[in-house]
Amino acid sequence: MRLLLQLATRYAFSRQNRHRGTSVRIALGLALCLFAIVAVLSFMQALQRNQFEDIRTFESFDIQIDLQSNDYVTAKEATKQIEELESVQHAFVYADIPVIAQGIDGSTIAGRLRGIEGKGRFLSNLNSYRGFLFQEGQIASSYSNTRSLDMGESITLTFLKKGRQATVVPSRREIEVGAIYYTSSYDFDHSTFLCDVGTLLALQGDVPLKIGVFTLEDVNVVKGEIVQLGYGQTNTWMEINASLYGAMELEQKMMALMLFLMVVVILVHIRNSSRRLLLAKQTEIAMLRAIGLTKAKVQTLFVLQAVVVAVIGSLVGIFLSYGGIAIYPTISSYVYRSMGVHLELEIRSMELLVLFIVIVVFSLLASYHGTHRILKADIMEMFTHDEVN
Amino acid sequence: MMKSTEVLTLEQVSKSFPATLRGGEPIQILEGVTLSLNRSTSIAITGRSGSGKSTLLQVSAGLLSADSGSIRFEGKEIPKLDDEHLSRLRSRSMGFIFQSSLLLDDFTALENVQISAMIAGFSEKEASRKALEMLELVGMQDRLSHTSDQLSGGERQRVAIARALVNEPSLIFADEPTGSLDERNAALVEDLLFSLVAEREVALMLITHNLPFAKRCNTVYQLHNRIVEVRS
């Protein structure tokens, strides 16, 4: 075994090895493939995580309770009772009204006016660019809309409310922009004006109120607890965004398929490389057999060599992956500029371990299969043919 | 019972190859070849190019399988041996010298000989000692750490001789060992081979088309029309 190990390491990467270039190319190919998979996986997962986080933080919160009433006092009592649940982090009243905003330059923005008791994750991720948020009688527009609406301006909001004669009856109000805010979600910022619940109710008193809930527990379990309290219709963020969530799940499946294809590419690379490496060594295999090395030992020798190359290639790939994650913060501003999102990349160790094992095991099998094919030939056939099939 | 002096015995050995890699009518190379080789004796097989001399050597050593016939090496029927036993026989009782040396290219002269000894079961230290001794014997003590591509043809052949003899085999198979060498180097290798074979009482099966070289063996066979006959 000692002899085989010596030969295997020599055949893999030794300076004296004529085929070291082949081994290095194989290892490098493995490293880059592994790095590519990890990079794509981390980016996709971070993007999805980011989107889900934005949805849960700004759009629909973890759980939403539709009170179907505009009684603010009752709504506040309900939030108190809900907040008393151990599983609930924060509960707050809010309401949305669809609006069309018109700036003084005449340009319009279709969106919503959200009256909300800023609390929990929502508040901590809300940033004021100028002015003070949630001032009574004023609204906050977003940084992304500052080209058409700016602080101190009065804008005309057109509310689309249900009417008796017509389906929707437009009603207009003028209101001052008292603050400019921004969040990490461009979509939310672009379509939302913010104000406190009192200002919203003053603008339109018959708007149905809702309660938003943040939790760190399983949303379905918490939903069950809230339903038992008997307040209106309760939905989780996944139910509210069912179509988006479905699309994301589909995206996740497609991502898995794409990664599977990348793994297949890696495996084909391993198989071809292993074959190339063995064919390059065919004459030496014949020589070793001629001087008395058994088939089993030759097979062990070249399987060991393939494993050494695969392990080193994979370790370099893992090193590159962690290195990439480590230097990502220095290029994250570029990603933000081009994609409009702040991503926090991470590597899931278990996924990496599975990839590592798949690569090493497949290298082992490819090499075993390759040597098995070569060793089926007579020794002299190995000597005389360029390639034994 | 007296111990047999026969090292190698071939009886009615035949070998053919398919006409092409895709098959076709087989081409008969050897037909009913019978010969024997005793301890401490040497035989030479001569014949025209393509007559099957190398095939005969390869079949005799179990490097190539025969179609039919019996091949006994030290009393053991080679075609019936499993890989484990045949490999052991090759490493301990047979030595090979090929026309183009065929050293392990990635290894030094010393390692080439040492690996052969290690495969035969010697420890690394013992194998190294034996390799060193053999390389000194063939005059390669100054080229121990040189790899194959740093050695001349004659030097490579001397390393090959050292490797063939390091495990003290009972028979050396030499296939045109001077075929690719110039006259001076060929004469050197010839002398070395015959002196070592005589000194170590090793049997020798020599394939050559060089008649003066062949005549230094005890018996000279000629391969002609697929059969061997003693050359007069």
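**Exercise 1. Strand pairing in chain A**

Determine how strand S1 of chain A pairs with strand S9 of chain A, and by how many bridges.

*Solution.*
Step 1. In this predicted model, strand S1 and strand S9 (residues 210-215) of chain A run antiparallel and are joined by 4 bridges.
Step 2. A residue pair illustrates the arrangement: A:Ile65 stands opposite A:Ile211 of S9(A).
Step 3. Strand S1 (residues 63-66) of chain A is also joined to strand S10 (residues 233-236) of chain A, again through 4 bridges and in the antiparallel sense.
Step 4. For that second pairing, A:Gln64 has A:Asn235 in S10(A) as its bridge partner.
Step 5. As a general principle, the strands of a sheet pair through backbone hydrogen bonds, in either a parallel or an antiparallel manner.

**Exercise 2. The sheet of chain B**

State the order of the 4 strands in the open sheet of chain B, and identify the edge strands.

*Solution.*
Step 1. The order is S2-S1-S4-S5, and the pairing is antiparallel.
Step 2. Strand S2 (27-38) and strand S5 (76-77) of chain B are the edge strands, since each pairs on one side only.
Step 3. Within the sheet, strand S1 (residues 6-17) and strand S4 (residues 68-73) of chain B are paired over 5 bridges in the antiparallel sense.
Step 4. One position to locate in the structure is B:Leu8, whose bridge partner in S4(B) is B:Phe73.

**Exercise 3. The two domains of chain A**

Describe the division of chain A into domains, and characterise the contact between domain 1 and domain 2 of chain A.

*Solution.*
Step 1. Domain 1 comprises 2-54 + 245-384, and domain 2 comprises 61-240.
Step 2. Taken over C-alpha atoms, the centres of the two domains are separated by 51 Å.
Step 3. On each side the contact involves 5 residues.
Step 4. The two domains bury about 470 Å² between them, with 56% of this area on carbon and sulfur atoms.
Step 5. A:Phe52, A:Asp54 and A:Tyr245 supply 69% of the area that domain 1 buries against domain 2, more than any other three residues.
Step 6. Turning to specific interactions, the count of salt bridges between the domains is 0, while 1 residue pair is in polar contact.
Step 7. Helix H2 (residues 20-59) of chain A gives the largest share of the side of domain 1 that touches domain 2, namely 3 residues.
Step 8. By class, this side of domain 1 divides into 2 nonpolar, 1 polar and 2 charged residues.

**Exercise 4. The interface of chain A and chain B**

How many residues does each chain bring to the contact, and which interactions link the chains?

*Solution.*
Step 1. Chain B brings 25 residues and chain A brings 27 residues.
Step 2. Interface size is often expressed as the accessible area lost when the parts come together.
Step 3. Here chain B and chain A bury about 2,400 Å² between them, 61% of it on carbon and sulfur atoms.
Step 4. B:Leu104, B:Asp106 and B:Ile119 supply 25% of the area that chain B buries against chain A, more than any other three residues.
Step 5. There are 2 salt bridges between the chains; one of them joins A:Arg289 to B:Asp83, whose closest N and O atoms are 2.9 Å apart.
Step 6. In addition, 9 residue pairs are in polar contact between the chains.
Step 7. Helix H2 (83-93) and helix H3 (109-119) of chain B each supply at least two residues of the side that touches chain A.
Step 8. That side of chain B has 11 nonpolar, 6 polar and 8 charged residues.

Key: Residues numbered from 1 in each chain as written. Chains lettered and ligands numbered in written order. Predicted model: local features only at pLDDT ≥ 70, side-chain atom pairs only at ≥ 80, totals over all residues. Heavy atoms only, no water. Domains from an automatic or database assignment. Contact = heavy atoms within 4.5 Å. Buried area = accessible area lost by both parts, 1.4 Å probe. Salt bridge = Lys/Arg side-chain N within 4 Å of Asp/Glu carboxyl O. Polar contact = N/O pair within 3.5 Å; in protein donor to acceptor, adjacent residues only side chain to side chain. Nonpolar A, V, L, I, M, F, W, Y, C, P; charged D, E, K, R; others polar. Pairing = 2+ DSSP bridges.
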